[in-house]
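Biologist: Could you take me through one part of this model up close? I'd like to see how a single helix sits among its neighbours, and then whatever else you can tell me around it.

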Amino acid sequence: MNNDELEALLKSAPSPEREAAYWEGFPKTVTRRLTQVRGPGFSRSAPRHGPLLAWGLGLATVCILVGFFFGFWRGGTPSDAQQTAALQKLFREVALLFPNQVQAIIIDEGGPRLVLSEQPNVPLSDPLLVKICKAKSCRNFITFSGQQIRVNGEAFEVLADGEGHVILAGRHSVWSSAEPEQTQAPWQIEARALKL
Amino acid sequence: MVVPDEEAGWIARSQQGDLEAFERLIARYQRMIHALTYRMTGSLDDAEDLAQDTFIQAFHALEGFRAEARFSSWLYRIAVNLCLNWRRRVQQREQIHQDLAAQKASIDPPSDERTARVQEALLKLNPKQRAAVVLTTCDGLSHAETARILGCSETTVSWRLFAARAKLKRLLNDLGSGRGGKA
């Protein structure tokens with residue numbers, strides 16, 4: 001087989017055709033995802049953030065994080081449902097301010113911290129809630145599949161599989177919510193999708 | 001037929017956050033991006049997810065788009081990078097689960113057997129070689145344009161194509177020159 005024959009063969013293999021309805025609906029599917037992340041208040045002609053808005057954004061972020069910490073996280077011992085609702089609210093508010101930039105929100109005894117990417121390039125997916133406890137000290141992460149978190153200096157890649165299980169893959173250990181008891185790490189780990 | 005001025009208008013309006021204009025751009029390029037993501041993944045579902053992610057990432061990055069590059073090349077670049085990252089994640093997942101059977105099951109074979117063989121052979125290439133083949137041979141881009149999209153030199157593109165062709169010829173030899181065309 002020469003190069004021309006190979007080229008002709010490759011060109012003769014089309015990618016599978018989809019129905020017309022798929023192509024008609026695809027642009028709307030994308031823009032629906034865009035508006036979901038930006039929230040219902042997103043204006044179709046919203047101006048981009050200017051430098052003057054940076055101060056406002058920063059202030060709003062601080063207010064959200066401080067409000068969350070003192071208003072909820074330190075306000076007694078909430079139930080799991082209350083805690084989840086508070087984390088969902090926190091994530092929604094932060095994601096509205098920084099669409100596609102939130103890599104993780106870390107919440108521990110020191111309060112909530114935000115990890116943002118410089119560019120809005122964090123792929124859209126359902127946020128995941130990862131809770132890691134050692135003795136009585138716990139750290140919660142709201143993050144996404146494909147992002148990295150650090151625990152005691154070790155980096156773990158957070159992955160979600162098609163069945164909704166969460167996997168933490170580190171250099172020395174792997175944990176999966178499908179088999180949580182099989183962890184070799186000296187921590188207690190819980191992880192699940194944070195449904196919005 | 002879309003005239004460049006019209007496309008430039010859609011881009012400018014999308015840069016201002018106009019989603020209707022962005023939908024026009026998506027409609028214009030959706031087939032091109034789906035074809036690329038399918039050839040890179042071999043999975044219709046993953047191709048769809050990656051195509052959606054490509055346009056979403058493009059929308060957020062549109063502010064930085066300058067008309068120095070063609071819009072299609074700029075989109076290709078985003079899509080290829082997403083596909084290469086997708087490969088890394090799948091490989092990591094495979095390593096963790098040691099479950100290659102599940103990965104094979106997620107591949108959507110085309111109905112035509114000859115096409116299926118070609119797609120299967122493409123998936124056996126190293127992802128960067130595959131990207132070079134898909135962009136140059138399947139999508140007809142020049143080596144220079146492919147090099148810009150892949151962020152490497154033209155020499156690297158040529159070398160990847162050389163290596164990819166050698167492997168593809170081995171894998172698809174019985175389909176060439178009309179021999180066993182039906183495979």
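Modeller: Let me start with a cut-off, since I'll lean on it throughout: a residue is called buried if its relative accessible area is under 20%, exposed if over 50%, and partly exposed in between. Keep in mind that this is a predicted model. By that cut-off, 50% of the 183 residues of chain B are buried.

Chain B is where your helix lives, so here's the setting. The chain has 9 helices and 0 strands, which along the sequence reads α-α-α-α-α-α-α-α-α. Take its contacts between residues at least 6 apart in sequence: 62% of them join residues at least 24 apart. The accessible surface of chain B is about 8700 Å², and carbon and sulfur atoms account for 49% of that.

Now the close look. I'd pick H9(B), covering residues 154–172. It has 19 residues, and from first C-alpha to last it reaches 26 Å, close to the 27 Å expected at 1.5 Å a residue. Which of its residues are buried? They are Val157(B), Arg160(B), Leu161(B), Ala164(B), Leu168(B) and Leu172(B). These buried residues cover an arc of only 105° around the axis, so they lie on the same side of H9(B). The general rule helps here: an α-helix has 3.6 residues a turn, so residues three or four places apart point the same way. Over on the other side of H9(B), you'll find Thr155(B), Trp159(B), Phe162(B) and Arg170(B) exposed.

What does the buried side pack against? Within chain B, the partners are helix H6 (113–123), helix H7 (127–138) and helix H8 (143–150). Chain A joins in too, with its helix H1 (3–11).

You can zoom in on the H7 side through Gln129(B), which is found in that helix of chain B. Why does Gln129(B) count as buried? Its relative accessible area is 17%, and the cut-off is under 20%. Setting aside neighbours within four places in sequence, Gln129(B) is in contact with Arg160(B), Ala163(B) and Ala164(B). Of these, Arg160(B) and Ala164(B) are among the buried residues of H9(B).

Cys138(B) is worth a glance as well: with a relative accessible area of 18%, it is buried. In chain A, Cys138(A) is partly exposed at 23%, while Cys133(A) counts as buried at 9%. A disulfide joins Cys133(A) to Cys138(A), with 2.0 Å from S to S. That link is right-handed, with 110° about the S-S bond. The count over all chains comes to 1 disulfide.

For contrast with the helix, look at strand S7 of chain A, residues 166–170, where 5 of 5 residues are buried. Val166(A), Leu168(A) and Gly170(A) point one way from S7(A), Ile167(A) and Ala169(A) point the other way, and all are buried. In general, side chains in a regular strand alternate between the two faces of the sheet. S7(A) pairs with strand S6 (residues 154–160) of chain A in the antiparallel sense over 5 bridges, and Glu157(A) stands opposite Ala169(A). S7(A) also runs antiparallel to strand S8 (residues 174–176) of chain A, joined by 3 bridges, with Leu168(A) opposite Trp175(A).

How values were computed
Residues are numbered from 1 along each chain as its sequence is written. Chains are lettered from A and ligands numbered from 1 in the order in which they are written. This is a predicted model: local features need pLDDT of at least 70, side-chain atom pairs count only at pLDDT 80 or more; totals for chains, interfaces and linings use all residues. Side-chain values use heavy atoms; hydrogens and water are left out. Helices (H or I, at least four residues) and strands (E, at least two) are DSSP runs, numbered from the N terminus. Buried means under 20% relative accessible area, exposed over 50%, partly exposed in between (1.4 Å probe, protein chains only). Contact means heavy atoms within 4.5 Å. Accessible areas come from the Shrake-Rupley method with a 1.4 Å probe; for residues, only the protein chains shown count as cover. Two strands pair if DSSP finds at least two bridges between them. A disulfide is a pair of cysteine sulfur atoms within 2.5 Å. The expected span of a helix is 1.5 Å times one less than its number of residues. The arc is that of the directions from the helix axis to the C-beta atoms.
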